[in-house]
Amino acid sequence: MPDLRVGVLGGTFDPIHHGHLAAASEVRAALDLDRVLLVPTAAQPFKDAHGHAPVEHRLAMCRRAVAEDPYLEVSTVDIDRGGTTYTVDTLADLQSQQPEARLFFIAGADALARLSEWRDADRLLELATFVAVTRPGHVMTDSSGAFAVVEAPALDVSSTDVRRRVGEGRPIRYLVPHAVADYIEEHDLYSGGRDD
Ligand code: ATP
Ligand code: MG
């Protein structure tokens with residue numbers, strides 16, 4: 001059986017937005033991946049207390065966002081494990097769930113900038129091929145050649161912006177999928193207006 005090529009995009013997804021989806025989609029096509037898993041982090045009590053959405057909402061929004069894209073799926077591997085999310089655990093758990101998969105860990109330039117400080121940095125590079133996606137406002141600093149680099153569509157949107165906009169009563173349509181905007185309205189998320 002040929003190996004499955006599986007992308008992994010971890011994040012808080014608070015909320016998921018078109019920057020995440022465009023990056024996942026671009027990498028999937030560029031590297032001919034069979035699918036990309038979006039992996040929301042587990043609950044972080046400290047964050048939840050400050051205008052962040054509880055894990056069940058972050059997860060529900062991810063599920064709505066990927067519903068119509070056959071290449072994108074949501075994995076609860078980090079939520080199921082709980083506690084602080086370390087990428088090394090994410091990748092090890094996904095690899096044991098899918099032994100036949102070759103994993104590609106996708107992250108924006110901002111997230112990868114401090115990779116050397118991540119837990120078990122050496123092992124990480126054995127567990128997955130790292131893929132850096134460009135992100136507006138962040139310079140790609142890697143010169144080691146350790147990452148594949150994929151130029152993503154430059155969508156200058158962040159979850160922080162989306163939360164702030166909701167708090168200020170400004171629109172978020174076209175920054176997030178309609179199903180996510182609807183969900184935020186239905187559940188009155190982020191309307192406290194604090195962004196961290
Ligand atoms: P926050 O503002 O709360 O930090 P965020 O928009 O950065 O949220 P995260 O959940 O922190 O979203 O990001 C998950 C992953 O997606 C990270 O690797 C991040 O670099 C990447 N990412 C987020 N937004 C974009 C974007 N617009 N373009 C490319 N990559 C992105
Ligand atoms: Mg971020």
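Before I begin, one term: a residue is called buried if 20 or more other C-beta atoms lie within 10 Å of its own, and exposed if 12 or fewer do. With that in hand, let me turn to helix H8, keeping in mind that what we are looking at is a predicted model.

On one side of this helix, which runs over residues 159–168, we find the buried residues Ser159, Val162, Arg163 and Val166. They can be said to share the same side of H8 because they cover an arc of only 95° around the axis. On the other side of H8, Thr160 and Glu168 are exposed. What do the buried residues of H8 pack against? They pack against helix H9, residues 178–186. Just after H8 comes Gly169, which has a positive phi, near 75°.

Let me step back to the loop between strand S6 and H8, where Val157 lies. Val157 has 19 C-beta neighbours inside 10 Å, and therefore counts as partly exposed. If we set aside its neighbours within four places in sequence, Val157 is in contact with His17, His18, Gly19, Val162 and Leu175.

Two of the residues I have named, Gly19 and Thr160, bring us to ligand 1, since they are among those that come nearest to it, together with Gly11, Gly108 and Ser159, out of 20 residues around the ligand. Which element gives the largest share of this shell? That is H1, with three residues, while S1, S4, H6 and H8 are among the elements that each supply at least two. By class, finally, the shell holds nine nonpolar, eight polar and three charged residues.

Definitions and conventions. Residues numbered from 1 in each chain as written. Chains lettered and ligands numbered in written order. Predicted model: local features only at pLDDT ≥ 70, side-chain atom pairs only at ≥ 80, totals over all residues. Near = placed C-beta within 6 Å. Helix = DSSP H or I, 4+ residues; strand = E, 2+ residues; numbered from the N terminus. Nonpolar A, V, L, I, M, F, W, Y, C, P; charged D, E, K, R; others polar. Arc of directions from axis to C-beta. Contact = placed C-beta atoms within 7 Å.
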